[in-house]
Amino acid sequence: TSGNFKVANYSTGSWVDGLTLDGSNNATFAGTITTDDIAADRIMHRGDVDTTIRFPAADTFAVETAGQQNVQVTPDRTRLTSPSGTNTTLRLQHQGNSGYGDIILDRQVNAFIIDNDPSNASNNLSYFSVKNKGTENLRILHDGKIGIGTAIPDALLHIRSASSPTIHLEDTSQTTKLKVYAQDTSAVVGTYSNHPLIFTTNSAA
């Protein structure tokens, strides 16, 4: 056929196409590929029988190491699983340098941890940022300072906004509300419910 390259097998008086390579470099196999690296539902690296790519179900593939399913991709999720006895860690790393960040699920207490550049304790420029629709809403600097509405917080918590940045504390048992905010030319501290505002020093409570 014009534009196609074919490998065929002559059997029982006729030619049977085995491999077809068309003009767009698409390859079609008429039969089954069988080697010592491919068996049943898995593809195995030559010389490394512990590492395989498997196809355990429809629309699903998995990567396994030593019988442990490390990555599984299904139509509704991608699951990352660590070997037994270790934390599950997703590492994002730059090509060509040592900078990286880890997203960790701690196996002991099921804690979710984000660790930015843990190998470089002297990096004072690293930070953690949360954005929504391209706008930064939260930034945590390397020294623990948290900025909401600011990328350069100058205190452990720094809230900055043009529309009355407010801290709101509420006790739901009695609906006691306390607000601390800055508005135009004033700074305000007060209760916003029918409860007293009490200032104490050296309190044991």
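## Strand pairs, pockets and a surface patch

Strands β11 and β12 run antiparallel to each other and pair over five bridges. Please keep in mind, as you look around, that this is a predicted model. Within this pair, Ile104 sits opposite Ile113 of β12. The hairpin that β11 and β12 make has six residues between the strands, and Asn110 there adopts a positive phi near 60 degrees.

Further along the chain is another hairpin. Strand β18, residues 176-183, pairs with β19 in the antiparallel sense, here over six bridges. Lys179 faces Gly190 of β19 across this pairing. Two residues lie between β18 and β19, and Asp184 in the turn has a positive phi of about 50 degrees.

Now to the pockets. What space do the two largest ones hold, and how do their linings divide by class? The table sets them side by side.

| Pocket | Space | Nonpolar lining residues | Polar lining residues | Charged lining residues |
|---|---|---|---|---|
| Largest pocket | About 320 Å³ | six residues | eight residues | six residues |
| Second largest pocket | About 160 Å³ | five residues | three residues | one residue |

The largest pocket has 20 lining residues, and those nearest its centre are Leu92, Tyr100, Gly101, Asn116 and Tyr127. Two or more residues of this lining come from each of β10 (88-93), β11 (100-105), β12 (112-116), β13 (127-132) and β14 (135-141). Both strands of the β11 and β12 hairpin are therefore represented here, because each is listed among the elements that give two or more residues to the lining, with strands taken as DSSP runs.

Around the second largest pocket you will find Ile114, Asp115, Asn116, Ser126, Tyr127, Phe128, Ile140, Leu141 and His142. The elements giving two or more residues to that lining are β12, β13 and β14. Which of them gives the most to the lining of the second largest pocket? That is β12, with three residues. Asn116 and Tyr127 are worth finding on your screen: both are among the residues nearest the centre of the largest pocket, and both also line the second largest one.

Finally, take a look at the surface. A nonpolar patch there is formed by Ile148, Leu157, Ile167, Leu169, Val180, Val189, Leu197 and Phe199, which together have about 710 Å² of accessible area. Val189 belongs to strand β19, residues 186-191, the partner of β18 in the antiparallel pair described above.

Conventions: Residues numbered from 1 in each chain as written. Predicted model: local features only at pLDDT ≥ 70, side-chain atom pairs only at ≥ 80, totals over all residues. Heavy atoms only, no water. 1 Å grid on protein atoms, 1.4 Å probe; cavity = no way out; pocket = protein on both sides within 12 Å on 5 of 7 lines; lining within 4 Å. Points joined across faces, edges and corners; volume = space filled by probe spheres on them. Helix = DSSP H or I, 4+ residues; strand = E, 2+ residues; numbered from the N terminus. Nonpolar A, V, L, I, M, F, W, Y, C, P; charged D, E, K, R; others polar. Patch = residues over 30% accessible without salt bridge, like charges linked within 9 Å, V, L, I, M, F, W, Y side chains within 5 Å. Areas by Shrake-Rupley, 256 points an atom, 1.4 Å probe, with all protein chains shown as cover. Salt bridge = Lys/Arg side-chain N within 4 Å of Asp/Glu carboxyl O. Pairing = 2+ DSSP bridges.
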